[in-house]
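Subject: Structure handover

Hello,

Here is the structure I promised you. Please open it and keep it beside this email as you read.

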Amino acid sequence: MPLDVAQVMELAPVIPVLVVERVEDALPIAQALVKGGLPALEVTLRTPAALDVIREMAKVEGAVVGAGTVLNPQQLDAAMEAGARFIVSPGLTEPLARAAIAANIPFLPGTATAGDIMRGMDLGLTHFKFFPAETSGGLPALKALAAPLHEARFCPTGGITAQSAPQWLAEPFVKCVGGSWVVPKGPVDPARIEALAREAASLGSNASSK
Ligand SMILES: O=C(O)C(=O)C[C@H](O)[C@H](O)COP(=O)(O)O
């Protein structure tokens, strides 16, 4: 069953942002994350292996695999063809937003200003990434944006850690956060990834009432 964007954001308090260089790492990483309680996985299209990584991870039971760093409609098509079930972008452009809406796939475009969010709302979007979260002013900035734009819901990403995530997740306009800390760089250590995922899955709340 296809999920809508709110449902993707409610799967867990943290969406791990993954930069995977080797296809053979895909299954152990995805299995460890799902086992640890993080089913929504954002595979960034930053490596040549990314589309094959999405194909592999999509085979893992319980995983809801999405594509990140999607910059244009061509990459959206390629990600969907590989099996991505949601799309994350660092920014909001009209061509990409219109293509995602037409494809009826959950879409989280990066926003950092009121104008970004308002352009998204004009297109019919209600859920956004806040990116890059910490360097765009952090939680005080998002609080200030969410006051007038009170219908918008966010997945802050960029510079967030296990330590800072709970403060973000405590806000009613934050449904989940994204972060790369759950899968440390270097050789894949499934036990460590599972432990970090378990810790992340227990952070804050992802109450569907938000
Ligand atoms: O390229 C994209 O579409 C992205 O999603 C960018 C990522 O969100 C950040 O690079 C993650 O930031 P860190 O958790 O600080 O490593």
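Two strands count as paired if DSSP finds at least two bridges between them. Keep that in mind for what follows. One caution: this is a predicted model.

**The first strand**

Start with β1, residues 14-18. β1 and β2 pair in the parallel sense, over two bridges. Leu18 stands opposite Val43 in β2. On β8, β1 also has a parallel partner, and three bridges join them. There, the bridge partner of Val14 is Val177.

Is β1 mostly covered or mostly open? Mostly covered: five of its five residues are buried. Val14, Pro16 and Leu18 point one way. Ile15 and Val17 point the other way. Both sets are buried.

**From β1 to β2 to β3**

β1, α2 and β2 make a right-handed β-α-β unit. Then comes a further one: β2, helix α3 (residues 50-57) and β3 also make a right-handed β-α-β unit.

Strand β2 covers residues 40-44. With β3, β2 pairs in the parallel sense over five bridges. Leu41 stands opposite Val65 in β3.

β3 spans residues 64-68 and is mostly covered, with five of its five residues buried. Val64, Gly66 and Gly68 point one way from β3. Val65 and Ala67 point the other way.

**Helix α2**

Now look at α2, residues 26-36. Its buried residues are Ala26, Ile29, Ala30, Ala32, Leu33, Val34 and Gly36. What do they pack against? The answer is β1, β2, α3 and α9 (190-201). Right after α2 comes Gly37. Its phi is positive, near 105°.

**The core**

Nonpolar side chains tend to be buried together in soluble globular proteins. Here, the largest nonpolar core has 72 residues. Which residues have the most contacts inside it? They are Leu33, Val43, Ile54, Met57 and Ile87. Helix α2 gives the most to this core, with six residues.

Look at Ile87 in detail. Leaving out residues up to four places away in sequence, Ile87 touches Gly66, Ala67, Val70, Leu76, Ala79, Ala100, Ile105, Pro106 and Phe107. Two of these, Gly66 and Ala67, you have already met in β3.

**The ligand**

How many residues surround the ligand? There are 15. The closest are Gly68, Thr69, Thr157, Gly179 and Ser180. Two elements give two or more residues to this shell: β4 (87-89) and β8 (177-179). By class, the shell has five nonpolar and ten polar residues. It has no charged residues.

**Three residues to click on**

First, Lys175. Its place is in the loop between α8 (165-169) and β8. Why does Lys175 count as buried? Because it has 23 C-beta neighbours inside 10 Å, and the cut-off for buried is 20 or more. Lys175 and Pro13 are 162 residues apart in sequence. In space, their C-alpha atoms are 7.0 Å apart.

Next, Gly110. You will find Gly110 in strand β5, residues 107-111. Gly110 is buried, because 23 other C-beta atoms lie within 10 Å. Gly110 touches Ser89, Pro90, Gly91, Leu92, Lys129 and Phe131, again not counting residues up to four places away in sequence. Pro156 is 46 residues from Gly110 along the chain. Their C-alpha atoms are separated by 8.9 Å.

Last, Ala103. It sits in helix α5, residues 94-103. Is Ala103 buried or partly exposed? Ala103 is partly exposed, because it has 13 other C-beta atoms within 10 Å. Partly exposed is the class between 12 or fewer, which is exposed, and 20 or more, which is buried. Ala103 touches Leu76 and Met80, with residues up to four places away in sequence left out. Ala103 and Ala144 are 41 residues apart in sequence. Their C-alpha atoms are 32 Å apart in space.

**Where to begin**

Try β1 and β2 first, and find Leu18 opposite Val43. Then follow β2 across to β3, from Leu41 to Val65. After that, go to the ligand and pick out Gly68, one of the closest residues.

Best wishes

Methods:
Residues are numbered from 1 along each chain as its sequence is written. This is a predicted model: local features need pLDDT of at least 70, side-chain atom pairs count only at pLDDT 80 or more; totals for chains, interfaces and linings use all residues. A residue is near a molecule or strand if its C-beta atom, placed from the backbone, lies within 6 Å of it. Helices (H or I, at least four residues) and strands (E, at least two) are DSSP runs, numbered from the N terminus. Ala, Val, Leu, Ile, Met, Phe, Trp, Tyr, Cys and Pro count as nonpolar, Asp, Glu, Lys and Arg as charged, and the others, Gly among them, as polar. A crossover is right-handed if, with the strands pointing away from the viewer, the path from the first strand over the helix to the second runs clockwise. A nonpolar core is a set of buried Ala, Val, Leu, Ile, Met, Phe, Trp, Tyr and Cys residues joined through C-beta atoms within 7 Å. Two residues are in contact if their C-beta atoms, placed from the backbone, lie within 7 Å.
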